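Reader: I am new to this structure and would like a close look at a single part of it. Please take the aromatic pairs and what lies around them.

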Amino acid sequence: MGHMCSRPEMEELSNLIGDFIRYWGFKQIHGRIWSLIYLSEKPLDASELMQGLGVSKALMSLSLKDLLNYDVIRETHKTERGTQAYEANPQVLDVITGVLRTREKKMLAQISTAHKLVASLPESDQKSLNINPERLKSLGSMIHEAEATLDGMLSLAQLDLKTWSNVIDSPNQES
């Protein structure tokens with residue numbers, strides 16, 4: 001099997017996905033590995049991925065562990081060589097909401113707690129720190145809105161949208 005990144009087009013796609021996923025707080029290598037696994041016709045093992053991406057065994061091992069922890073990829077079968085093969089989790093919405101739930105929700109909770117600590121400082125301390133009270137209040141509102149929006153997105157993701165597709169796909173009765 002020729003390795004997938006031997007073509008410049010595939011390498012470019014893999015790198016761009018890596019850049020995108022890095023924007024969301026992952027490492028570029030996570031996106032590069034995921035793109036190869038996702039696009040492959042069959043599950044891939046670590047040696048195929050290392051060959052395809054030209055990375056070390058240590059980096060591959062750590063990266064696969066991270067991707068498994070976030071349920072972005074899943075273990076499938078053992079290959080003829082006895083190595084573990086991996087496939088992409090086909091439930092992309094579950095992956096996204098899982099990351100949002102485990103990482104962004106936790107991050108927002110920490111921001112909210114830190115904001116409340118600053119907001120609870122005596123007014124004299126806030127003045128000495130040159131804090132604008134209106135901006136501090138506004139920041140609290142932004143944090144609250146971000147938490148509410150995230151909660152809304154997570155609860156929407158749990159809805160069964162099949163019933164909506166029936167409504168959307170049904171022919172218009174009023175002709």
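Author: The aromatic pairs come first, then the surface patch, a loop residue and the sheet.

This is a predicted model, in which local features need pLDDT of at least 70 and side-chain atom pairs count only at pLDDT 80 or more, while totals for chains, interfaces and linings use all residues. Residues are numbered from 1 along each chain as its sequence is written, and side-chain values use heavy atoms, with hydrogens and water left out.

The structure holds two aromatic pairs. Rings of Phe, Tyr and Trp (its six-membered ring) pair if their centres lie within 6.5 Å; planes under 30 degrees apart count as stacked, over 60 as edge-to-face and the rest as tilted. F26 and Y70 make an edge-to-face pair, 5.1 Å centre to centre with 75° between the planes. This pair links distant parts of the chain, 44 residues apart: F26 is in the loop between α1 (8–23) and α2, and Y70 is in the loop between α4 (57–69) and β2. Helices (H or I, at least four residues) and strands (E, at least two) are DSSP runs, numbered from the N terminus. F26 is buried because its relative accessible area is 14%, whereas Y70, at 27%, is partly exposed. Buried means under 20% relative accessible area, exposed over 50%, and partly exposed in between (1.4 Å probe, protein chains only).

W34 and Y38 form the stacked pair, at 4.7 Å centre to centre and 20° between the planes. Both lie in helix α2, four residues apart, which is about one turn of the helix. Y38 has a relative accessible area of 44%, so Y38 counts as partly exposed.

Y38 also belongs to a nonpolar surface patch of about 430 Å², together with L13, L39, V92 and I96. The elements giving two or more residues to this patch are α2 (28–39) and α5 (92–119). Patches are made of residues with over 30% relative accessible area and no salt bridge (a side-chain nitrogen of Lys or Arg within 4 Å of a carboxyl oxygen of Asp or Glu); nonpolar side chains (Val, Leu, Ile, Met, Phe, Trp, Tyr) are joined within 5 Å, like charges within 9 Å.

In the loop between α2 and β1 (44–45) lies S40, which is buried because its relative accessibility is 17%. The S40 side chain reaches the backbone oxygen of K42 at 2.6 Å.

Three strands form an open antiparallel sheet in the order β1-β3-β2. Each of β1 and β2 (73–78) has a single partner strand, so one side of each is left without a neighbour in the sheet.

Key
Accessible areas come from the Shrake-Rupley method with a 1.4 Å probe; for residues, only the protein chains shown count as cover. A polar contact is a pair of N or O atoms within 3.5 Å; within protein, one must be able to donate a hydrogen and the other to accept it, and residues adjacent in sequence count only if both atoms are side-chain atoms. Two strands pair if DSSP finds at least two bridges between them.
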